[in-house]
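Work through the exercises below with the sequence and the structure open beside you. Try each task before you read its solution.

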Amino acid sequence: GWSTSKFKVDEGKNIEFFDLENDPVEKAINLYPYYETEDVHKIASSIDYFDIKNGVISLKNEYKDTLQGKITVPTIDGVTQIGSFSYGNVSGKTSKITHIYFLENSKITTVNMSAFTDCNELEVVDLPKTVRTIKGYAFIRCSKLKTVTLNDNITTIDDNAFSNLTWIRKITLPSMLVSIGSNAFYRCLWSGSIVIPMSVTTIEEKAFSQNIGITIYCETLSN
């Protein structure tokens, strides 16, 4: 429920938490209620953090290097695409987001090109079941990304979508996947095996290049 001692602090661009019981009050600050819950799929982050235009939701520029920790993307009528959540290679800007979740009623169908490029602190992404397409470079160089939930309805993973993930340990390909782009999983330092679903009709060059120690199987019909 609503916390009686822990509040969000808004000091310009800095979004952090303040504990009335333990943190000293040294200057005037604005406090906002904080809802304590373990269900990240039911309570959305403030809509004030996001830009919404032409069916695309993106993180506002002023929050791309100030929001920290976990965020849950709100569901907005007519919004079906994820835009930019990162400054990417822009000098001096580093995303501090570690976990990204979506509400249970999310309508997102597309993760756009370079949506999370160079989100260097990102560890967990739980994509909604409505996603169908992950465009090129969407998660490239998310160097701490460990867990990505890919629902079975995803049909397209484009070029370099998950390349250079040095912490990832396992990805299960969606059962309805049709197309895997070039370098889609280039240099992902995982181990073990991966199964290509029977639904896949296209695998572009170097889709799994530079993956040392991985065994690739193709799904077959069982007798």
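**Exercise 1.** In this predicted model, decide whether Asp-118 is buried or exposed, then find the salt bridge that Asp-118 forms.

*Solution.* Step 1: Asp-118 has a relative accessibility of 8%. Step 2: the cut-off for buried is under 20%, so Asp-118 counts as buried. Step 3: the side chain of Asp-118 meets that of Arg-141 in a salt bridge, with 2.8 Å from N to O. Step 4: place both residues along the chain. Asp-118 is in the loop between strand 9 (110-111) and strand 10 (124-126), while Arg-141 is in the loop between strand 11 (133-134) and strand 12 (147-149). The two residues are 23 residues apart, and the pair links distant parts of the chain. Step 5: check the partner. Arg-141 has a relative accessible area of 32%, so Arg-141 is partly exposed.

**Exercise 2.** State how many salt bridges the model has, and describe the one formed by Lys-144.

*Solution.* Step 1: the count is two salt bridges. Step 2: Lys-144 pairs with Glu-121, and their closest N and O atoms are 3.2 Å apart. Step 3: Lys-144 lies in the loop between strand 11 and strand 12, and Glu-121 in the loop between strand 9 and strand 10. This pair, 23 residues apart, also links distant parts of the chain. Step 4: Lys-144 is partly exposed at 27% relative accessible area, and Glu-121 is partly exposed at 27%.

**Exercise 3.** Give the strand order of the open sheet of eight strands and name the edge strands.

*Solution.* Step 1: the order is 4-5-7-9-11-13-14-16, and the pairing is mixed. Step 2: strand 4 and strand 16 (202-203) each pair on one side only, and these are the edge strands. Step 3: look for an antiparallel pair. Strand 4 (residues 50-53) runs antiparallel to strand 5 and is joined to it by four bridges. Step 4: look for parallel pairs. Strand 5 and strand 7 (residues 81-82) run parallel, with two bridges. Strand 13 (residues 156-157) and strand 14 (residues 179-180) are also parallel, over two bridges; Thr-156 has Ser-179 as its bridge partner in strand 14.

**Exercise 4.** Describe the surroundings of strand 5 (residues 56-59).

*Solution.* Step 1: take the two faces. Val-56 and Ser-58 are on one side, Ile-57 and Leu-59 on the other, and all are buried, which leaves both faces covered. Step 2: take the partners. Ile-57 stands opposite Ile-52, and Val-56 has Gln-81 in strand 7 as its bridge partner. Step 3: take the turn. Strand 4 and strand 5 form a hairpin with two residues between them, and Asn-54 in this turn has a positive phi of about 50°.

**Exercise 5.** Which residues have the most contacts inside the largest nonpolar core?

*Solution.* Step 1: this core has 50 residues. Step 2: the residues with the most contacts inside it are Phe-116, Ile-134, Phe-139, Phe-162, Ile-180 and Phe-185. Step 3: strand 5, strand 6 (68-73), strand 8 (96-102) and strand 15 (192-196) each supply at least two core residues. The largest share, three residues, comes from strand 8. Step 4: follow one residue. Ile-180 touches residues including Ile-157, Leu-173, Phe-185 and Ile-196.

**Exercise 6.** Where is the pLDDT below 50?

*Solution.* Step 1: the average is 81, and 78% of the residues score at least 70. Step 2: residues 1-18 are below 50, with 62 contacts beyond near neighbours in sequence. Step 3: residues 29-38 are also below 50, with 31 such contacts.

Note on methods: Residues are numbered from 1 along each chain as its sequence is written. This is a predicted model: local features need pLDDT of at least 70, side-chain atom pairs count only at pLDDT 80 or more; totals for chains, interfaces and linings use all residues. Side-chain values use heavy atoms; hydrogens and water are left out. Buried means under 20% relative accessible area, exposed over 50%, partly exposed in between (1.4 Å probe, protein chains only). Two strands pair if DSSP finds at least two bridges between them. pLDDT is the predictor's confidence in each residue, from 0 to 100. Contact means heavy atoms within 4.5 Å. A salt bridge is a side-chain nitrogen of Lys or Arg within 4 Å of a carboxyl oxygen of Asp or Glu. A nonpolar core is a set of buried Ala, Val, Leu, Ile, Met, Phe, Trp, Tyr and Cys residues joined through side-chain atoms within 4.5 Å. Lists of a residue's contacts leave out its neighbours within four places in sequence.
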